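Student: I am new to this structure, and I would like a close look at one part of it. Could you take me slowly through the empty spaces enclosed inside the protein, and then through the surroundings of the ligand?

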Amino acid sequence: MPAFPFSEANPIQYPGPPPKSSDVVIIGGGVIGVTTALFLARRDIPVTLVEKGRIAAEQSSRNWGWIRKQGRDADELPIVIEASRHWRQLAEECGEDIGLKQTGVTYLASSDDKMAGFEEFMKIAAAHKIDTRLLNAQETAGLIEGMSGSFKGAMTTPSDMRAEPWVAVPALARLAAREGVKIVENCAARTLEISAGRVSGVWTEAGHIATSSVLLAGGAWSSLFLRRHGVSIPQLSVRSTVAATEPMPEIHAGAAAADHIAFRRRQDGGYTLAPGGGSLLYVGPDAFRHATKYFPALMANPFGTRYSPAAPAGYPDSWATPRRWAPDSQSPFERMRVLDPAPASSGLRSIERNFTRLFPQLGRVRIKASWAGMIDAMPDVVPIVDRVQAIGGLIVATGMSGHGFGIGPGIGRVVSDMIQGNEIGHDLTRFRLSRFYDGSAIRPGPAL
Ligand SMILES: Cc1cc2nc3c(=O)[nH]c(=O)nc-3n(C[C@H](O)[C@H](O)[C@H](O)COP(=O)(O)OP(=O)(O)OC[C@H]3O[C@@H](n4cnc5c(N)ncnc54)[C@H](O)[C@@H]3O)c2cc1C
């Protein structure tokens with residue numbers, strides 16, 4: 001079976017050295033870092049993006065490729081509506097086929113409880129005038145030819161889209177580089193330099209970059225980076241397994257999920273498949289530290305996550321991962337350039353079994369590649385997008401909680417304006433960092 005296409009062995013596309021100074025430094029070359037950098041470059045702001053491994057090699061290439069408004073938290077929805085516009089425009093501007101297609105997203109309901117959850121979302125959808133609608137059992141049965149099983153109904157959003165993550169974020173990075181972003185791969189940011197309470201530079205493994213403005217968009221590594229500077233965020237990461245099939249007949253052009261299987265048609269004629277739920281949390285020091293904040297999410301979905309007592313060596317919340325290091329010594333970031341978890345064999349078996357059960361007419365599923373990604377989760381399933389009050393000049397955009405690909409260019413535009421001190425155009429109160437410490441109750445967003 002071919003290996004996942006992104007690894008440390010891939011040639012470096014953006015060699016250093018980094019510049020000695022830059023107006024803005026972005027830490028992390030996933031969809032959030034790349035699109036923020038692109039929007040800044042379009043305002044002629046000198047920006048340097050440092051990536052410890054390879055562009056998009058972590059979550060931003062490993063995801064399912066769903067660009068959905070459906071099932072979103074009410075406060076995320078306006079940003080993802082904006083993001084959908086950006087996706088369309090960027091897909092044209094980048095001059096490469098990123099597989100962007102408006103083929104819809106559908107959730108199939110096997111219980112009345114599920115339908116009740118969909119009905120809740122319909123109120124949010126109506127407030128934002130999106131085209132989400134509910135289907136009854138009969139309409140659902142006729143939705144996808146040959147689909148077995150009986151469903152109570154479904155929720156579907158025809159205007160939702162899909163794109164190929166392996167292709168899309170590297171293509172956006174190439175566009176950003178053409179428009180003036182200085183990207184440096186194999187370049188971990190080790191620490192911030194802080195002078196009189198403000199950022200004055202970033203120490204990377206390839207030297208110092210003087211700057212007064214830093215965006216941390218480090219995905220699953222953000223909490224570790226911030227903690228080194230005395231800032232605690234309750235971010236944990238969970239492993240999620242995915243597989244891609246060999247080309248198969250087209251039964252459905254869009255993306256859909258039932259209880260035990262999620263599938264999306266791929267540009268290459270196969271499907272991207274994932275087991276419903278079954279993500280794995282490696283319990284480390286952060287998991288203990290933040291356990292109480294995760295109780296509401298845990299109670300809402302008690303069997304949604306499995307646990308393992310120890311993360312593999314070098315993972316962000318592994319017991320042995322150092323929590324302190326000096327700017328001139330190796331940091332945990334460059335020790336693991338690409339976080340590449342092994343897919344769960346039980347997850348792969350479940351994918352094959354459940355996809356075949358749902359579409360028996362397709363016969364045996366032939367998997368051509370499988371992989372896993374570490375999702376950076378927050379207790380309320382929505383991100384942090386905020387200035388760090390304790391450190392002037394530092395902004396954090398992280399904890400996208402398993403749905404940051406679709407909303408990515410929207411967050412990128414928002415953060416680029418935040419960096420410039422402009423009007424944002426959206427209410428970001430829900431995404432403030434202080435919500436975890438100001439006595440607010442944890443209010444989980446829809447885990448749909
Ligand atoms: C299996 C799976 C399925 C998903 N499906 C979907 C989906 O269908 N739709 C959707 O919208 N979202 C989905 N997501 C979520 C989505 O992929 C993420 O939310 C999104 O990619 C996060 O982007 P990011 O830029 O914040 O982080 P990442 O893509 O993780 O990028 C962070 C980058 O920062 C780098 N970095 C970290 N620390 C440092 C440092 N100190 N110095 C330099 N570089 C550093 C890392 O190497 C990494 O490349 C899925 C995620 C997974 C894992």
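Tutor: Let us begin with the lining of the largest cavity, which is made up of Leu236, Ser237, Leu281, Tyr282, Ala311, Tyr315, Pro316, Asp317 and Met374. Two elements give two or more residues to this lining, namely β13, which spans 236-245, and β17, which spans 279-282. Sorted by class, the lining of the largest cavity holds seven nonpolar residues, one polar residue and one charged residue. Please keep in mind that this is a predicted model, and that the volume of the largest cavity, about 60 Å³, is a computed value. A search of the whole structure finds four cavities of 30 Å³ or more.

The second largest cavity has a volume of about 50 Å³, and its lining consists of Ala220, Ser223, Leu224, Gln235, Leu236, Ser237, Asp286, Pro316 and Asp317. If you set the two linings side by side, you will find Leu236, Ser237, Pro316 and Asp317 in both. At least two residues of the lining of the second largest cavity come from α7, residues 222-227, and at least two from β13. By class, this second lining divides into four nonpolar, three polar and two charged residues.

From the cavities we can turn to the ligand, where β13 will appear again. There are 37 residues around the ligand, and of these Glu51, Ser60, Trp66, Gly404 and Gly406 come nearest. Several contacts involve the backbone of the protein: a polar backbone atom of Gly65 is 3.4 Å from an oxygen atom of the ligand, while a backbone N or O atom of His403 lies 3.3 Å from an oxygen atom of the ligand. A nitrogen atom of the ligand, in turn, is 2.9 Å from a polar backbone atom of Ala189. Taken alone the ligand exposes 1,000 Å², and the protein buries 98% of that area.

The shell around the ligand receives two or more residues from each of α1 (31-41), α2 (59-62), β13, β19 (367-377) and α12 (404-420). Its residues divide by class into 17 nonpolar, 15 polar and five charged. As you go back to the model, β13 is a useful strand to follow, since it is listed among the elements that give two or more residues to the lining of the largest cavity, it supplies at least two residues of the lining of the second largest cavity, and it also gives two or more residues to the shell around the ligand.

Note on methods. Residues numbered from 1 in each chain as written. Predicted model: local features only at pLDDT ≥ 70, side-chain atom pairs only at ≥ 80, totals over all residues. Heavy atoms only, no water. 1 Å grid on protein atoms, 1.4 Å probe; cavity = no way out; pocket = protein on both sides within 12 Å on 5 of 7 lines; lining within 4 Å. Points joined across faces, edges and corners; volume = space filled by probe spheres on them. Helix = DSSP H or I, 4+ residues; strand = E, 2+ residues; numbered from the N terminus. Nonpolar A, V, L, I, M, F, W, Y, C, P; charged D, E, K, R; others polar. Near = heavy atom within 4 Å. Polar contact = N/O pair within 3.5 Å; in protein donor to acceptor, adjacent residues only side chain to side chain. Areas by Shrake-Rupley, 256 points an atom, 1.4 Å probe, with all protein chains shown as cover.
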